[in-house]
Amino acid sequence: MKYYKYFTCSIAATMLITATDPIYAEANITPNQKSELDVKSVNGNTVEFNNGEKAVQFNNKIITKNKDNKVEFEVYKIDDNNVKVINKKTGETETISKDSEDVVSPQKSEDSINVQQTSTSNSNNINYIQTKSSGYKFNYQRKNSTNLRTNRVSLAASILASFAGVAVSVMVGVATYYVSTKAKQAFWIEKVYSKPRGKHRRSVKTNYVYYKYHNYTKHIKTISKVREYVG
């Protein structure tokens with residue numbers, strides 16, 4: 001049966017799991033990351049940093065501004081594997097690609113995982129709500145990596161948020177870690193789950209689990225996205 005996208009919400013989560021679930025075993029590692037207090041405020045679709053930078057999210061792009069409120073970069077998602085970055089000062093355009101590899105693993109259920117959910121109803125409204133996710137069945141997972149050649153948290157967060165298709169505000173913690181450790185690449189595993197929600201409706205949840213190292217160890221943080229389909 002063909003399904004069509006109904007709505008999307010994104011989730012910033014620190015996973016609470018049991019030690020018996022090997023697929024999430026590394027999520028118990030305490031992240032050694034810089035404080036997220038570098039964010040001054042989140043107002044609608046705008047994230048403002050204490051150093052004066054801003055990241056502003058629209059339907060088809062994310063822009064970053066400097067402390068003088070001038071646009072520095074525009075970030076566009078081309079497709080699932082490519083993001084375009086335009087340097088507004090120099091006029092240069094760069095396409096940043098990600099490498100992906102499917103991972104074969106046995107199915108796992110995703111019950112009793114508590115998450116902090118960020119629901120985005122439109123590009124100008126970000127609402128924060130609590131939710132508990134249960135009943136999802138594992139579908140597949142994929143390893144991903146991409147180059148990060150920036151010392152700006154606002155730009156790194158915009159690039160990673162564009163790849164994942166989530167609010168830039170929930171990606172700040174991950175971006176802060178990579179920038180503060182001067183990482184040249186970002187590594188994450190994309191894990192997809194689904195559950196039925198009626199006769200002609202289903203919910204699909206994707207977890208983006210970020211790591212420090214190329215062998216996908218040293219867990220940083222997990223960002224999740226939930227989409228519902230009808231048709």
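**Exercise 1. Find the strand that holds D99, and decide whether D99 is buried or exposed.**

Start with the element: D99 sits in strand β8 (residues 93-103). Strands here are DSSP E runs of at least two residues, helices are H or I runs of at least four, and both are numbered from the N terminus. A quick note before going on: this is a predicted model, where local features need pLDDT of at least 70 and side-chain atom pairs count only at pLDDT 80 or more, while totals for chains, interfaces and linings use all residues. Residues are numbered from 1 along each chain as its sequence is written, and side-chain values use heavy atoms, with hydrogens and water left out.

Next, the cover. The cut-offs are under 20% relative accessible area for buried, over 50% for exposed, and partly exposed in between (1.4 Å probe, protein chains only). D99 comes out at 56%, so D99 is exposed.

Last, the surroundings. Leaving aside residues up to four places away in sequence, D99 touches K143, N144 and S145, where a contact means heavy atoms within 4.5 Å. N81 is 18 residues away from D99 along the chain, and their C-alpha atoms are 7.5 Å apart.

**Exercise 2. Trace the strand pairings that start from β8.**

Step one: β8 runs antiparallel to strand β12 (residues 136-147), with 6 bridges joining them. For two strands to count as paired, DSSP has to find at least two bridges between them. D102 faces R142 of β12 in this pairing.

Step two: β12 also pairs with β13, again antiparallel, over 10 bridges. R142 turns up here too, opposite E190 in β13.

Step three: strand β13 (residues 185-196) pairs with strand β14 in the antiparallel sense over 10 bridges. I189 has V209 of β14 as its bridge partner. The two strands make a hairpin with 4 residues between them, and G198 in that turn has a positive phi of about 115 degrees.

Step four: β14 and β15 run antiparallel and share 11 bridges. One pair to look up is K205 opposite V226 in β15.

As for cover, strand β14 (residues 201-211) is mostly covered, with 9 of its 11 residues buried.

**Exercise 3. Work out which side chains E228 makes polar contacts with.**

Place the residue first: E228 belongs to strand β15 (residues 219-230). Its relative accessible area is 5%, so E228 is buried.

Now the partners. A polar contact is a pair of N or O atoms within 3.5 Å; within protein, one must be able to donate a hydrogen and the other to accept it, and residues adjacent in sequence count only if both atoms are side-chain atoms. The E228 side chain has such a contact with the side chain of R197 at 2.8 Å, and another with the side chain of R201 at 2.5 Å.

**Exercise 4. Look for positive phi values in the loop between β14 and β15.**

Y216 lies in this loop. Y216 is not a glycine, yet its phi is positive, about 60 degrees. With a relative accessible area of 12%, Y216 is buried.

K218 is in the loop between β14 and β15 as well. Its phi is near 65 degrees, again positive in a residue other than glycine. At 26% relative accessible area, K218 is partly exposed.

**Exercise 5. Check the length of helix α1 and its cover.**

The expected span is 1.5 Å times one less than the number of residues. For the 12 residues of helix α1 (residues 153-164) that gives 16 Å, and the end C-alpha atoms are 16 Å apart, which agrees.

Then the cover: 12 of the 12 residues of α1 are buried, including V153, L155, S158 and F163. Just past α1, G165 has a positive phi of about 75 degrees.

**Exercise 6. Judge where the model is confident.**

The yardstick is pLDDT, the predictor's confidence in each residue, from 0 to 100. The protein has a mean of 77, and 71% of its residues reach 70 or more. By element, strand β10 (residues 113-122) has the lowest mean, 39, and strand β7 (residues 82-87) the highest, 97.

Finally, pick out the weak stretches. Over residues 1-35 pLDDT stays under 50, and the model has 106 contacts for them beyond four places in sequence. Residues 109-133 are below 50 as well, with 77 contacts beyond near neighbours in sequence.
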